[in-house]
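Thanks for sharing this one. Here are a few friendly notes to read alongside the coordinates.

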Amino acid sequence: MAVTGLVFVGYLLLHMYGNLKALSGEQAFNVYAEHLRTFGEPILPYGGLLWIVRVVLIVSLVGHGHAAFALWARAGNARRTKYAAGKAALRTAWMRWGGVFLLLFLVWHLLHFTVVKISPNPDATGPDVVNNPHRLLVASFQVWWMTLIYVLAMIALALHLSHGVFSAMQTLGWTNSAASYRRAKLLGHASAVVIAGGFLIPPLAIVFGLIQ
Amino acid sequence: MNLTLRIWRQAGPRHQGELRTYKVKDISPDMSFLEMLDVLNEQLNAAGEEPIAFDSDCREGICGTCGLMISGEAHGPEKTTTCQLHMRSFSDGEVITIEPWRANAFPVIKDLVVDRGAFDRIIQAGGYISVNTGSAPDAHATPVPKRNADRAFQAAECIQCGACVAACPNASAMLFLGSKVTHLAELPQGQPERMARVVKMVDQHDAEGFGGCTNVGACSQACPKGIPQDVISTLNFDLRTALRGNR
């Protein structure tokens, strides 16, 4: 759970950095996107590095999901008679149902930008748009409900990270003192703000017309 | 104070239980929560009804025998044990729901009394140090750095009341387990069996049917001794070291 989670955090930081290239204009963004595919050539084939990263992510996702559902099932079995009063179960709901929501979002996100490349914008469709990463990005976030989905997903991600990053450090046994425990808590909140905030900059910049 | 109490009644381990409503009148705000229940039991006795079974012993907050889920909070709204909780923490006319600790590893024996034998079996599995008997060594024969001594002492404050399990959304006993492991891991006397201990205790914890820890922290908030969550990190660290083969 912890190790796979930290793999995701590392990937999210790189992904967020790439997204921020959108602020440097269409050419910088598209060159970056293409460079990801030619990275490591000729030792790696075209798109080779991308596939290595994808395999690591898929393995991590399977491991993360497996551990999460195993813990969920164990929790259900460990307390079959629930409390009549109280909110004990609410404490894990954000993490568990939030995680399920993030998984659903991930499916949509991959369909949207990677696998099928769907342009939800009726004013911008066709191969010119879907094969141009920057144009697909801008066309997508000019649609209000698309932006809303991504904003909700980033809120869910922030909540997930603010507990998850701390939790991973605790699981790995890195918080053995009051000071390191506080630092881990702080790092959890900071990573949530930085990552979710960083991801929200390009869509919001498009909504407010700063990127066209 | 006049109060309405919704109390879990269950005749025995295999009986169906239910919440039943009782009224108590003229309760002094200076009474402890258990004294309030004593008053109710006097009423029930006088009326020829079966009194409510609940655990208590020292009533000084140091033995860990008492423990009730009070309106969804382990040991009620204050950071203390149920016996040291006073009625001034409640308001006149309040409806209070009283339930036993809920975890499959803590089966209900009767009403509000649960069997916490699972904790004893975890301690038996490894929560000890093996020493030869004989005359006690001098207290200063083995120096312990202040920092380690303080942390060991803090962890050793655990009174095994089970509030951590009761409050945990996963019904995990990791705060209890972490306290015991950290207590001995911080001291020189605990080192020889340190790695074997953590594996045996975690195995027993899982065999008892407790849930897995997801680092929520409800345990530390409920703990009457305020044992911090970082003891679970020490448990995880030791377990990881042990599983790498450094037994």
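**Notes on the predicted model**

1. Let me start with helix H6 of chain A, bearing in mind that this is a predicted model. The buried residues of H6(A) are Pro133(A), Leu136(A), Leu137(A), Val138(A), Ala139(A), Ser140(A) and Phe141(A). The helix spans residues 133-141 and is mostly covered, as seven of its nine residues are buried.

2. What do the buried residues of H6(A) pack against? Their partners in chain A are helix H2 (26-38), helix H4 (90-115), helix H5 (127-130), helix H7 (144-171) and helix H8 (178-207).

3. On to the contact between the chains. Chain A contributes 31 residues and chain B contributes 32 residues. On the side of chain A that touches chain B, the elements giving two or more residues are helix H3 (48-78), H4, H7 and H8 of chain A. H3(A) gives the most, with five residues. Sorted by class, this side of chain A has 14 nonpolar, 11 polar and six charged residues.

4. In chain B, I would also point you to Ile123(B), which sits in helix H2 (residues 117-126). Is Ile123(B) buried or exposed? The answer lies in between: Ile123(B) is partly exposed because 15 other C-beta atoms lie within 10 Å, and a residue needs 20 or more to count as buried, or 12 or fewer to count as exposed.

5. Leaving aside residues up to four places away in sequence, Ile123(B) touches Tyr128(B) and Lys180(B). Lys225(B) lies 102 residues from Ile123(B) along the chain, and their C-alpha atoms are separated by 19 Å.

Technical notes
Residues are numbered from 1 along each chain as its sequence is written. Chains are lettered from A and ligands numbered from 1 in the order in which they are written. This is a predicted model: local features need pLDDT of at least 70, side-chain atom pairs count only at pLDDT 80 or more; totals for chains, interfaces and linings use all residues. Helices (H or I, at least four residues) and strands (E, at least two) are DSSP runs, numbered from the N terminus. Two residues are in contact if their C-beta atoms, placed from the backbone, lie within 7 Å. Ala, Val, Leu, Ile, Met, Phe, Trp, Tyr, Cys and Pro count as nonpolar, Asp, Glu, Lys and Arg as charged, and the others, Gly among them, as polar.
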